[in-house]
Amino acid sequence: MKKGLLSILVLVSVLFLTVSCSKSSDSSGGSAKAQKITVWCWDPAFNIYSMKEAAKVYSEMHPEVTIEVVDIPENIEGKIEAGLQAGGAGLPDIALFQDYIIEKFIQNYPGSFVDLKAEGVDYSQFAQYKVAPMTEGDSVYGIPFDTGSTGFFLRSDLITEAGLNPEDYQKEMTWSEMIALGETIKAATGKPLIAYDNTSFDFLRIMVQSTGTQFFKDDGSVNYNTPAVKNSIAILEELHSKGLLYMAEGWNNWIAAFNGSEAAGFMNALWIIGTLKTQPDLSGKWMVVPTPLVEGVAGARNASNNGGSSWYVFSSTKNKDVAVDFLKSTWAGTSDEALEFYNTILKGAGAMGTFLPSRGGSNYTAPDDFFYKSQAVYEDFSEWMAEVPVMYYTPNYLAMRTALNNALQNMFAGNLKSIDDVIAAAEAEYKQVTGN
Amino acid sequence: MKKSSSYHRYLNRTGWRFITPAMILYIVFMLYPIMYSLFLVTQKWRGMSREFVGLGNFVRMAQDQIFWKALSHNFIFMLIQIPLMVFLAMILAVILNQGIRRFRGLFRTVYFLPCVTSLVAYSVLFRILLQSNGLLNNLMLNLHLIDTPIGWLNNPFWAKVTIILALTWRWTGYNMVFFLVGLQNIDSEIYEAAEVDGASKIRQFFNITLPLLIPVILFSMVTSTNGTMQLFDEPNILTNEGGPANATMTVALYIYRQAFVLNSDFGYASALSYVMVLVAGVLAFIQIKVLKERK
Amino acid sequence: MAMVRRRLSPAKFILMIFFVAGAVISLFPFIWMVIGTTQNPNDVVMGKLAIGDQFMKNWEWINKTYSVLLFFWNSFKIAIVTVGLGIVINALAAFGFEKYPSKGRDRVFGILLLTLIIPQMAIVIPMFRQIASMRLLNTHTAIILPSVMSVFIIFFLRQNFKMFPTEIMEAARVDGAGETRIFFSIVVPAMKATFASASIYMFLMQWNSYLWPLMTILSDEMKTLPIAMSSIMRMYTIEYGGLMILVCISTFPILILFLAMQRQFVQGLMGSVK
């Protein structure tokens, strides 16, 4: 009986293998047809949803073109890198890249992306901070997608509980003002001001980008030793020593902290709104104010960015014209359909584009009942977006970020006493990890 | 029995025939990649551009304190977690086998289950359980075992303890099953004879059970050592990419980060891999030597 | 002995409590993930243990977002084909190594064992090139073929074949049986439990495998369950309730498989620790 079972198993296996082999040859034969565009991205509720909406718009205009949007979870970069190493094997026509990673690809894989400026995209229509990292010389390689425009999220009910009027704080503030507010709230309610994710670099990044200072020098070497970095760390240190930080240990814990009312606020980008809304009990309590100003740094603003990604066309594509035309007429299109598309994805996915003409859409200006006094948060975020200073990432952004964040963690743990120590430790780790 | 040389040749040919399919797969999917990565070791790799650096990657490794830190963590986990787990697995098996035979099958099953859990569920759950205001700290605070919450995930010392606990949770039952199997292989008449001689349970354990379990202990040790050398999942997901501040960084995780996250430097990552394989090989060699001597 | 066992002495009672506590700790994640399927995402991150009323909502979300049934089928197909091919190929190899001893093959086996300690991620890049040049990217064959041969399984089976008496093989030869027939009609039936253990083990490894499928799958209809789970973890707004449903769907088949075959599984381990 066991022998029978075994032979059946083998038979079935062989059958399957032949079937899946023949399937593969089918699909490679089919890809010769020019009218199918494949796109890689990763979040079904966010950028996949958005890309599918764009595909719908384009299909109306060009029914002969089908656009397949593929969900590539985790480490899409690793996979693309493997594909580029193998001479373009398996790569799609279009892929979404995190803004912080793209400079690595543009520099390490020259010629792998289609120059879209040469294809006639008008980049003056996009938020400039998005365009800069995808530019090299006269070439611009991407179509900007979403903004990570940041704000400071505050619990109006706790401000009221501290005897203050929330509306007095819906303005541009400096960090000293924010710290003073935090101390009052803490004294009255016992809650720390900020839910801070100790494992993440987001907070410091938001602060430093708001000053317009770069993490890297022009020659690409790391540049921690700047007033922007030092002042930002000093602010964090002060927040910490005054007990205004609720130290969360990673993403889950951080979400649990602000949704569980462990702190009076936090600072991050607009894409967190979806997560906020998973706690309907807090409806009507949250408000968003501009990113606080880092004092003592020339060029600092009340606006910054965290996250965001953009679309790129691979040079290896066989459908370059269709792919470029698709992006141009949807994501960079000024037709009514294209602008309405931006309006749709803002409501449907909370994805705010960086295409400036789209900002007039009805969903941008709509009041949102989830927020305190129905604040039209998207209108505010889109206004701040236009102010975001440019940040360059270079190929070594991740190593830079990890090293500095590790040093910060050591500071909070009490192992590094002064800001200079933090910077020296970060520099040392960066050198070892990158080997330069 | 025919013992002619042509018969020997026939058997020898059959032997090669039997291993051929596996060897073809081995050459294509193991040996070739390994050989290729031998070439990578000599390269400094940035995207399309590669530069021959000879032994440069090893020089760089010698100066890379994070690598040495990671290696030392591997050894810490190996030296503390493996003996702890193997001891625990053995004790549990012995008690189940002799002390409480009731529900033995049930306990065996239940204790084995953690090693089949999906990694995603396991890591999300442990992170939620172990956070400062998580269930475990709250329980211990309520029982007055501790005064202040323990930073299971964000204190460099306790994060290592967390890894050790998580590994123990996941693999003790797995090893226990091997011990149970080993115990079943021991003839019960030996114990009955010892009982007649008036030997206490503890004496029975040290004089009969322990010596007979040595093959199982070594099996557990060797497989666990290999597993710990390649330790990756727990520090990556549970303590957030080897955090806090590299306190739980391991060599395998560092290789992954060098190759796929930080630098895309496959040359350096390959060089790190070879050193890791070398260390694991030396450890396996020592253990096998011990095994042979014991036998 | 038998008399003593009937009564539960205080010492045994304490031991029993200890064991039950251990069982609860072992089972906790399974209970938790079932509860999680009924909660809203926020309750999951807060570590609440109460059963919620969001199951239908989570269920609809997961079905709207992913082709769960297809992913399940893909995972199953890949695992079963890997086991089917792998068990035969590895068993033949193990048998060849163990029952047809020669110096040459012993050396080959030594090399195999050495490569057991090479981490997968060290060879992923060359492997990817290999698969790409064979034009196998985005096929399930690309996931199956590299995991069919397993040094660990060959090692495991070889240990077990040591228990099989060579005299029986010789007797069969006298009766005129060929070597392949000896293997399939005498050895295989006699070692059912060993094959069961090895099969379960291989199934488990392939069912949960992640890094390699992640590299080679390039389209939605080829995906497996672990890939879908990690996809959820990367969202801006993580739907933990839906994630827990996927986790359950991917865990419970393994549990059932193990529960159904645990007798054979445990028996099959016998040879490996002798």
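Visitor: Along β1(B), which side chains point to one face and are buried?
Guide: In this predicted model, the side chains of β1(B) alternate along the strand. In a regular strand, side chains alternate between the two faces of the sheet. Lys44(B) and Arg46(B) point to one face and are not buried. The buried residues, which point to the other face, are Gln43(B) and Trp45(B).

Visitor: Which residue in β2(B) is the bridge partner of Trp45(B)?
Guide: β1(B) and strand β2 (residues 49–52) of chain B run antiparallel and are joined by four bridges. Within β2(B), the bridge partner of Trp45(B) is Arg50(B).

Visitor: Which residue takes a positive phi in the hairpin of β1(B) and β2(B)?
Guide: This hairpin has two residues between the strands. A positive phi near 60° is found there at Gly47(B).

Visitor: Which element gives the largest share of the side of domain 1 of chain B that touches domain 2 of chain B?
Guide: The domain assignment divides chain B into domain 1 (5–56) and domain 2 (61–294). Seven residues of domain 1 of chain B are in contact with eight residues of domain 2 of chain B. On the domain 1 side, α1 (5–40) and β1 (43–46) of chain B each supply at least two residues. The largest share, three residues, comes from β1(B).

Visitor: What distance separates the centres of domain 1 and domain 2 of chain B?
Guide: The centres are taken over C-alpha atoms. For domain 1 of chain B and domain 2 of chain B, the separation is 31 Å.

Visitor: Why is chain B described as more spread out than a compact globule, and what is its radius of gyration?
Guide: The secondary structure of chain B comes to 12 helices and two strands. For 295 residues, the globule rule gives 19 Å, and the value for chain B is well over this, so the chain is more spread out than a compact globule. The radius of gyration of chain B is 24 Å.

Visitor: What share of the residues of chain B count as buried?
Guide: A residue is buried if 20 or more other C-beta atoms lie within 10 Å of its own. Of the 295 residues of chain B, the share that meets this criterion is 45%.

Visitor: How many residues on the side of chain B that touches chain A are charged?
Guide: The contact takes 25 residues from chain B and 23 residues from chain A. Elements that give two or more residues to the chain B side are α3 (65–99), α5 (119–130) and α11 (251–262) of chain B. On that side, 11 residues are nonpolar and 10 are polar, while the number of charged residues is four.

Definitions and conventions. Residues are numbered from 1 along each chain as its sequence is written. Chains are lettered from A and ligands numbered from 1 in the order in which they are written. This is a predicted model: local features need pLDDT of at least 70, side-chain atom pairs count only at pLDDT 80 or more; totals for chains, interfaces and linings use all residues. Two residues are in contact if their C-beta atoms, placed from the backbone, lie within 7 Å. Ala, Val, Leu, Ile, Met, Phe, Trp, Tyr, Cys and Pro count as nonpolar, Asp, Glu, Lys and Arg as charged, and the others, Gly among them, as polar. Domain bounds come from an automatic or database domain assignment. A residue is buried if 20 or more other C-beta atoms lie within 10 Å of its own, exposed if 12 or fewer, and partly exposed in between; C-beta atoms are placed from the backbone. Two strands pair if DSSP finds at least two bridges between them. The radius of gyration is taken over C-alpha atoms; the globule rule is 2.2 Å times the number of residues to the power 0.38.
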